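Thanks for making the time this morning. I would like to walk you through one chain, beginning with its interior and then moving on to its charged pairs and its surface.

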Amino acid sequence: MALFVASAFASSVWAQLTDGTYYLENKATGRFISSGHNWFTRSTLSPVIDYPITLKASGNGYIMGTYGSNSLGHNLYVDNGSNNVWLIKPVEGEDNVYTISSNGTSYLGSDGTLVLSGSLNDPTSDAAKWYIRTKDDYLADFQNAKADNPVDASFFITGPSYDYTDTNR
């Protein structure tokens, strides 16, 4: 399964969402899917780019791999071994923006807290929309970096959250 979108970022070329490693940034908050809370196993929203998600096509959606053989479960824990499938759909009229849903009616996003929510019901809300970008996309942003246009380089730091699951970075 492949989706084609135009990136609104520095890469600005048609990109294909294929199996691979990505960072997922919430459009409303600018925060990234990460691990935290209960023993670093509950998904959270982090202000730094610190948690890669490996997308693997499965049926009509994707498994969102976290670390080792684990994946993001519909229960929103990152140490789930059941390989739940997530529906990732491009948002019409918005470049490089997607919705992520467990069932087509409940959407992944921000409910205003730092804990990831899987029960948003309005896919048109920015809280339920995601930028899905690669490390190369973030590296390309450095071409336009200036003192008055800084670029987040937190993904260069190994284990910025001091997460014990840092073995996959």
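Let me start in the largest nonpolar core, which has 22 residues, and in which L24, L55, M64, L108, W130 and I132 touch the most other members. The elements that contribute two or more residues to this core are β3 (20–26), β6 (53–58), β7, β8, β9 (97–101) and β12 (130–133). Please keep in mind throughout that this is a predicted model.

If you would like one residue to look at on your screens, take I132: setting aside its neighbours within four places in sequence, I132 is in contact with L17, Y22, Y23, L24, L55, I88, N96 and Y98. Apart from the largest core lies another one, of five residues, and among them are Y23, F32, I49 and Y138.

F32 deserves a moment of its own. This residue is found in strand β4, residues 32–36, and it counts as buried because its relative accessibility is 4%, where the cut-off for buried is under 20%. Leaving aside neighbours within four places in sequence, the contacts of F32 include Y23, L24 and E25, the run from T44 through L45, S46, P47 and V48 to I49, and also Y138 and D152. F32 and Y51, to give one distance, are 19 residues apart in sequence and 7.6 Å apart in space, C-alpha to C-alpha.

Stepping back to the whole chain, the secondary structure comes to one helix and twelve strands, and reading along the sequence one meets the strands and then, at the end of the pattern, the helix. Of the 169 residues, 45% count as buried, and among the contacts with a separation of 6 or more, 52% are between residues 24 or more positions apart.

Now to the charged pairs. How many salt bridges does the count come to? The count comes to five, and K27, E94, D126 and K129 are linked in a network of them. D126 pairs with K27, the closest N and O atoms being 3.7 Å apart; since D126 lies in the loop between β11 (116–120) and β12 and K27 in the loop between β3 and β4, this pair ties together parts that are 99 residues apart in sequence. K129 pairs with E94, with the closest N and O atoms 2.4 Å apart, and because K129 lies in the loop between β11 and β12 and E94 in the loop between β8 and β9, the parts tied together here are 35 residues apart in sequence. K129 also meets D126 in a salt bridge, at 3.7 Å from N to O.

Are these partners buried or exposed, or something in between? K129 is buried, with a relative accessible area of 6%, whereas D126 is partly exposed at 35%, K27 is partly exposed at 26%, and E94 is partly exposed at 21%.

One polar residue is also worth pointing out: T66, in the loop between β7 (61–65) and β8 (85–90), counts as buried at 5% relative accessibility, and a polar atom of its side chain lies 2.5 Å from the backbone oxygen of V78.

Finally, the surface. The chain exposes about 8,200 Å², of which carbon and sulfur atoms supply 51%. A nonpolar surface patch of about 360 Å² is made by L139, F142, F156 and I157; of these, F142 sits in the segment after α1 (135–141) and counts as partly exposed, at 32% relative accessibility.

Conventions
Residues numbered from 1 in each chain as written. Predicted model: local features only at pLDDT ≥ 70, side-chain atom pairs only at ≥ 80, totals over all residues. Heavy atoms only, no water. Buried < 20%, exposed > 50% of the residue type's maximum accessible area, 1.4 Å probe, protein only. Polar contact = N/O pair within 3.5 Å; in protein donor to acceptor, adjacent residues only side chain to side chain. Patch = residues over 30% accessible without salt bridge, like charges linked within 9 Å, V, L, I, M, F, W, Y side chains within 5 Å. Areas by Shrake-Rupley, 256 points an atom, 1.4 Å probe, with all protein chains shown as cover. Salt bridge = Lys/Arg side-chain N within 4 Å of Asp/Glu carboxyl O. Contact = heavy atoms within 4.5 Å. Core = buried A, V, L, I, M, F, W, Y, C linked by side-chain atoms within 4.5 Å.
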